[in-house]
Amino acid sequence: MDIVCRWPGSTHDSRISHNSSVKIKFEDRRLKGILLGDRGTPSYPICIHPFKNMLFTQMQKEGTNILFMYNRAHKRTINLVERLFGVWKQRFPCLRLILRNRVRTTAAIIVACAVLHNIGMRHIDHVDGILLEVMHLFCSV
């Protein structure tokens, strides 16, 4: 949907989400749906977060509460996104490291990884070996 690589890794999630074009598109109703948030994401009308409080924690243990089921579904969905980053870093090992290139080059490498990953997902049998070869060239520059 959207990849923005202009923020340094130390930038807080709330700053990134506040300046996100995706957030604006959801607020303007150009995109339908909702965004999932975590502890680092501010509360917006278009963003849902997991429930938390002491009474709810006790109810979670029972496992039958609707809020418990909501939190479990929320967590599973967030985990999909986290796993995507893991797959990305496995496919492109340079993303596990601190890229010591110029900022502009680093941004281009990250975007190239995203594009090549999407191509690889569509044509996994034919492209995967080529992707790795190309990315090793990019990441060793």
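## Briefing: a predicted chain of helices and two strands

From the N terminus on, the elements of the protein chain follow the order α-α-β-β-α-α-α-α. That makes six helices and two strands. The model is predicted. The protein chain has 141 residues, and 27% of them count as buried.

**Overall figures**

- The accessible surface of the protein chain comes to about 10,700 Å². Carbon and sulfur atoms account for 59% of that surface.
- Take the contacts between residues at least 6 apart in sequence: 40% of them join residues at least 24 apart.

**Nonpolar cores**

- The largest nonpolar core has ten residues. Its members are Trp88, Phe92, Cys94, Leu95, Leu99, Ile109, Ile110, Cys113, Ala114 and Leu116.
- Helix H5 (residues 103-122) gives the largest share of this core, with five residues.
- Another core, of five residues, lies apart from it. Among its members are Val22, Phe26, Ile46 and Cys47.

**Helix H5**

- H5 has 20 residues, which at 1.5 Å a residue should span 28 Å. The end C-alpha atoms are 29 Å apart, so the model agrees with the expected span.
- The buried residues of H5 include Thr106, Ala107, Ile109, Ile110 and Ala112. Cys113, Ala114, Leu116, His117 and Gly120 are buried in H5 as well.
- An α-helix has 3.6 residues a turn, so residues three or four places apart point the same way.

**Lys23 and Tyr44**

- Lys23 is found in helix H2 (residues 21-27).
- Lys23 has a relative accessible area of 8%, so it counts as buried, the cut-off being under 20%.
- The charged end of Lys23 sits over the ring of Tyr44. It is 4.9 Å from the centre of that ring.
- Tyr44 is also one of the contacts of Lys23, once neighbours within four places in sequence are left aside. The others are Ser17, His18, Leu35 and Ile46.

**Aromatic pairs**

- The structure holds two aromatic pairs.
- One of them joins Phe51 and Tyr70, with 5.1 Å from centre to centre and 65° between the planes. The arrangement is edge-to-face, because the angle is over 60 degrees.
- This pair links distant parts of the chain, 19 residues apart. Phe51 lies in the loop between strand E2 (47-48) and helix H3 (54-62), while Tyr70 lies in helix H4 (residues 66-91).
- Phe51 is partly exposed, at 42% relative accessible area. Tyr70 is partly exposed too, at 24%.

**Two loop residues: Gly37 and Arg29**

- Gly37 lies in the loop between strand E1 (35-36) and E2.
- Gly37 has 0% relative accessibility and therefore counts as buried.
- Neighbours within four places in sequence aside, Gly37 is in contact with Cys47, Ile48, His49, Pro50, His74 and Ile78.
- Gly37 and Ser14 are 23 residues apart in sequence. In space they are 9.9 Å apart, C-alpha to C-alpha.
- Arg29 lies in the loop between H2 and E1.
- Arg29 has a positive phi of about 65°, although it is not a glycine.
- Arg29 is at 73% relative accessibility, so it counts as exposed, the cut-off being over 50%.

Terms used: Residues are numbered from 1 along each chain as its sequence is written. This is a predicted model: local features need pLDDT of at least 70, side-chain atom pairs count only at pLDDT 80 or more; totals for chains, interfaces and linings use all residues. Side-chain values use heavy atoms; hydrogens and water are left out. Helices (H or I, at least four residues) and strands (E, at least two) are DSSP runs, numbered from the N terminus. Buried means under 20% relative accessible area, exposed over 50%, partly exposed in between (1.4 Å probe, protein chains only). Contact means heavy atoms within 4.5 Å. Accessible areas come from the Shrake-Rupley method with a 1.4 Å probe; for residues, only the protein chains shown count as cover. A nonpolar core is a set of buried Ala, Val, Leu, Ile, Met, Phe, Trp, Tyr and Cys residues joined through side-chain atoms within 4.5 Å. Rings of Phe, Tyr and Trp (its six-membered ring) pair if their centres lie within 6.5 Å; planes under 30 degrees apart count as stacked, over 60 as edge-to-face and the rest as tilted. A charge sits over a ring if NZ of Lys or CZ of Arg is within 6 Å of the ring centre and within 35 degrees of the ring normal. The expected span of a helix is 1.5 Å times one less than its number of residues.
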